[in-house]
Each structure stands twice: as structure tokens, then as C-alpha cells.
Amino acid sequence: MDWYVVVPGAIALLFAAGGIAALRTGWVFPWLRARVYRTGLFGRGQLFMAVAFALQATAPFADDRALRSGLGIASVLAVLVGVVLTVLGQRPRHER
């Protein structure tokens with residue numbers, strides 16, 4: 001198996017586990033606990049990121065070039081939505 005399939009697939013599983021845990025129980029990874037204050041929004045962002053990386057892992061298996069391009073565009077848009085949702089779920093910095 002090639003690394004360009006395995007790595008996005010593993011990252012997708014990690015994001016999916018974190019997103020489901022954040023939505024169901026409110027649990028967030030320990031290194032993020034100090035910054036996340038809206039776990040539902042953060043979990044939805046992680047699930048969008050999981051979908052994006054899963055699309056990136058499955059795109060090389062598509063036979064049609066247009067389908068591969070569509071999956072690539074969809075994955076980029078899902079990453080952008082996921083980043084926006086995870087940033088909105090984090091506590092803003094208090095700069096003085």
C-alpha cells in the first residue's frame with residue numbers, strides 16, 4: 001500500500017474518533033482542553049476534516065479524471081470548512 005493512501009486514511013480515522021468523542025461526550029484531546037470551549041462545534045469541524053482526509057485517501061482509486069478532480073476540490077472545501085469550525089470552537093486569545 002502506498003503512503004499517499006495510508007497517511008490520509010490514518011489521519012481521517014484520528015479526526016473521526018476525536019470528532020465523535022467531542023460530539024457524544026464532550027471529550028477533547030488533552031493538549032486541546034485549555035483552548036476548546038464549544039466542544040460540539042469543534043467536534044463538527046473535526047468530522048469535516050475526517051471526511052476531507054477520507055476523500056483524499058480514496059481519490060487515487062477513482063478511474064475518471066474528472067471524478068478525481070471533483071474529489072480533490074471537495075476535500076479542499078471540506079478542509080476549509082473544518083478549519084473554520086474548529087477555530088470558531090476554540091477560545092480566543094486574550095492579548096493586552
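Is T86 buried or exposed? In this predicted model, T86 has a relative accessible area of 12%. Since burial is set at under 20%, T86 counts as buried. The setting of this residue is a good way into the fold as a whole.

Read from one end of the sequence to the other, the protein runs α-α-α, with three helices and zero strands in total. Its C-alpha atoms fill a box of roughly 50 × 25 × 20 Å along the principal axes. Of the 96 residues, 30% are buried. Among contacts with a separation of 6 or more, 69% join residues that are 24 or more positions apart.

T86 belongs to helix α3, which covers residues 65–88. The helix has 24 residues, and at 1.5 Å a residue it should span 34 Å; the end C-alpha atoms lie 35 Å apart, so the expected and modelled spans agree. Along α3, the buried positions are L71, S75, A78, G82, L85 and T86. A look at helix geometry helps in reading this list. An α-helix has 3.6 residues a turn, so residues three or four places apart point the same way.

What lies over these buried positions? The cover of the buried α3 residues includes helix α2, residues 39–58. Two residues of α3 show their surroundings in detail. S75, also placed in α3, is buried with a relative accessible area of 3%. Leaving aside residues up to four places away in sequence, S75 touches A52, L55 and Q56. With the same neighbours in sequence set aside, T86 touches F42, G45 and Q46.

F42 leads on to another part of the picture. Together with V28, F29, L32 and V36, F42 makes up the largest nonpolar core, which has five residues in all. Within this group, V36 touches V28 and F42, and its contacts also include G89 and Q90, again not counting residues up to four places away in sequence. F42 is thus a member of the core as well as a contact of T86.

The surface completes the description. The protein exposes about 6600 Å², of which carbon and sulfur atoms supply 66%. Its charged side chains comprise 10 positive and 4 negative ones, and the centres of the two sets are 21 Å apart.

Technical notes:
Residues numbered from 1 in each chain as written. Predicted model: local features only at pLDDT ≥ 70, side-chain atom pairs only at ≥ 80, totals over all residues. Heavy atoms only, no water. Helix = DSSP H or I, 4+ residues; strand = E, 2+ residues; numbered from the N terminus. Buried < 20%, exposed > 50% of the residue type's maximum accessible area, 1.4 Å probe, protein only. Contact = heavy atoms within 4.5 Å. Areas by Shrake-Rupley, 256 points an atom, 1.4 Å probe, with all protein chains shown as cover. Lys, Arg positive; Asp, Glu negative; His and termini not counted. Charge placed at Lys NZ, Arg CZ, Asp CG, Glu CD. Expected span 1.5 Å × (residues − 1). Core = buried A, V, L, I, M, F, W, Y, C linked by side-chain atoms within 4.5 Å.
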